[in-house]
Number of protein chains: 2
Amino acid sequence: MERVLNKVKAVSMNDVQRNLHLPRFLPYRLTKLSGVISRSLAGKYSALFDLTIHEWRIVAILGSEPGLTAREIGPLASLDKVSISRAVEKLHKAGRLEKRTLKDDRRSAALYLTAKGKAVLADITPLAQKYEDDLLAGFTPEEVEQLDHFLNRLDAAAEARK
Amino acid sequence: MERVLNKVKAVSMNDVQRNLHLPRFLPYRLTKLSGVISRSLAGKYSALFDLTIHEWRIVAILGSEPGLTAREIGPLASLDKVSISRAVEKLHKAGRLEKRTLKDDRRSAALYLTAKGKAVLADITPLAQKYEDDLLAGFTPEEVEQLDHFLNRLDAAAEARK
DNA sequence: GGATTAAAGTTACAAATGAAACTACTTTTT
DNA sequence: AAAAAGTAGTTTCATTTGTAACTTTAATCC
């Protein structure tokens with residue numbers, strides 16, 4: 001398949017090695033883009049609510065699916081168990097979530113947002129939505145759909161050759 | 001504009017607060033995707049060549065534009081001066097680049113890849129290209145073009161509201 | 001049913017990252 | 001031309017993140 005993303009000015013046929021052009025290299029672009037967006041979101045909201053991005057993900061997930069255990073949250077939030085343990089601990093100390101040890105497996109606990117936790121979620125959700133909407137403000141619904149599709153396919157391809 | 005990416009099943013008109021659905025939240029998806037890709041690339045090549053992603057970026061840039069200073073590389077590689085200083089130092093120690101102090105400003109140095117540095121670049125470039133090609137293997141040239149366009153627009157939007 | 005293996009979550013240690021202070025040099029100001 | 005302010009790059013220190021080892025409980029295996 002033709003390599004369009006890194007296409008450069010025509011090179012002589014004797015060039016053995018075409019240079020890789022960093023600003024057009026997909027992994028670099030994605031890292032850069034996600035970095036700018038994450039820093040922007042974190043700068044605006046995380047500091048404001050004393051909430052890291054990892055905590056934010058957990059709160060968002062527990063908002064839709066209360067009672068999940070740490071292990072179940074892992075794949076949903078793309079977080080390893082250490083990150084989850086730390087974030088859950090901090091949320092717990094802040095009184096934003098409650099742990100209920102499972103009767104049939106005392107190693108794990110079902111996690112629930114407290115009123116405080118729900119309040120944080122309610123506060124941040126519209127801001128996060130607004131941020132996403134702004135990012136996509138220039139996109140038609142069809143384009144958003146297509147972007148969605150592209151991201152799914154890239155994700156699948158990346159997972160496949162992980 | 002309609003929020004299509006986070007569209008969920010119809011909710012009752014009395015729902016004051018729609019839940020944010022994390023797996024469809026664009027910032028989350030981009031972070032996750034770039035993370036999978038970066039880890040995959042780093043796992044395959046960085047360890048193999050003892051080269052961090054930051055060093056790799058600098059090598060790639062110096063490959064196309066020899067003689068840049070640390071400061072000039074910064075914006076091109078999206079790296080702050082501390083990261084550059086550390087990466088350049090490591091490349092220098094490894095004999096992969098050469099520093100030539102500028103005559104007219106002895107604080108900075110023009111940076112050049114040595115033969116060793118060029119060899120590393122020549123080794124990695126085709127692997128990186130291959131990885132990108134594989135990611136995009138399912139995309140038609142038109143789709144690649146469109147993805148390119150989307151990423152540019154997202155980047156501009158994100159930078160604008162940074 | 002007691003020993004072995006495995007799983008959930010935590011803790012401890014090492015490496016990476018970020019922010020601020022610092023050094024050496026250059027430019028601007030008076 | 002001396003003093004002040006600014007810039008390039010480095011170093012230091014604090015925080016974050018990742019890996020491995022550990023603790024507790026549960027499941028599996030003779």
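Biologist: Helices here are DSSP runs of H or I, at least four residues, and are numbered from the N terminus; which one gives the most to the surface near DNA strand C?

Modeller: α4(A), with 4 residues. A residue is near the strand if one of its heavy atoms lies within 4 Å. This is a predicted model, where local features need pLDDT of at least 70, side-chain atom pairs need 80 or more, and totals for chains, interfaces and linings use all residues. Residues are numbered from 1 along each chain, chains are lettered from A and ligands numbered from 1 as written, and side-chain values use heavy atoms without hydrogens or water.

Biologist: Which other helices supply at least two residues there?

Modeller: Besides α4 (81-93) of chain A, α3 (70-77) of chain A and α4 (81-93) of chain B do.

Biologist: And which residues come nearest to the DNA strand?

Modeller: Out of 16 around strand C, A:Arg71, A:Ser85, A:Arg107, A:Ser108 and B:Arg86. Sugar and phosphate make up 51% of the strand's atoms that come within 4 Å of the protein.

Biologist: What is A:Arg71 up against?

Modeller: One of its polar side-chain atoms is 2.3 Å from a phosphate oxygen of strand C. A side-chain N or O atom of A:Lys99 lies 3.1 Å from a phosphate oxygen.

Biologist: What about B:Arg86?

Modeller: Its side chain places an N or O atom 2.7 Å from a base nitrogen of strand C.

Biologist: Different topic. What lines the largest cavity?

Modeller: There are 16 lining residues, with A:Leu41, A:Ile53, A:Trp56, B:Phe25 and B:Pro27 nearest the centre. α1(A) has the largest share, 5 residues. A cavity is a set of points on a 1 Å grid over the protein atoms alone where a 1.4 Å probe fits but cannot get out, and lining residues have an atom within 4 Å of a point.

How values were computed
On a 1 Å grid over the protein atoms alone, a cavity is a set of points where a 1.4 Å probe fits but cannot get out, and a pocket is an open set with protein on both sides within 12 Å along at least five of seven lines; lining residues have an atom within 4 Å of a point. A polar contact is a pair of N or O atoms within 3.5 Å; within protein, one must be able to donate a hydrogen and the other to accept it, and residues adjacent in sequence count only if both atoms are side-chain atoms.
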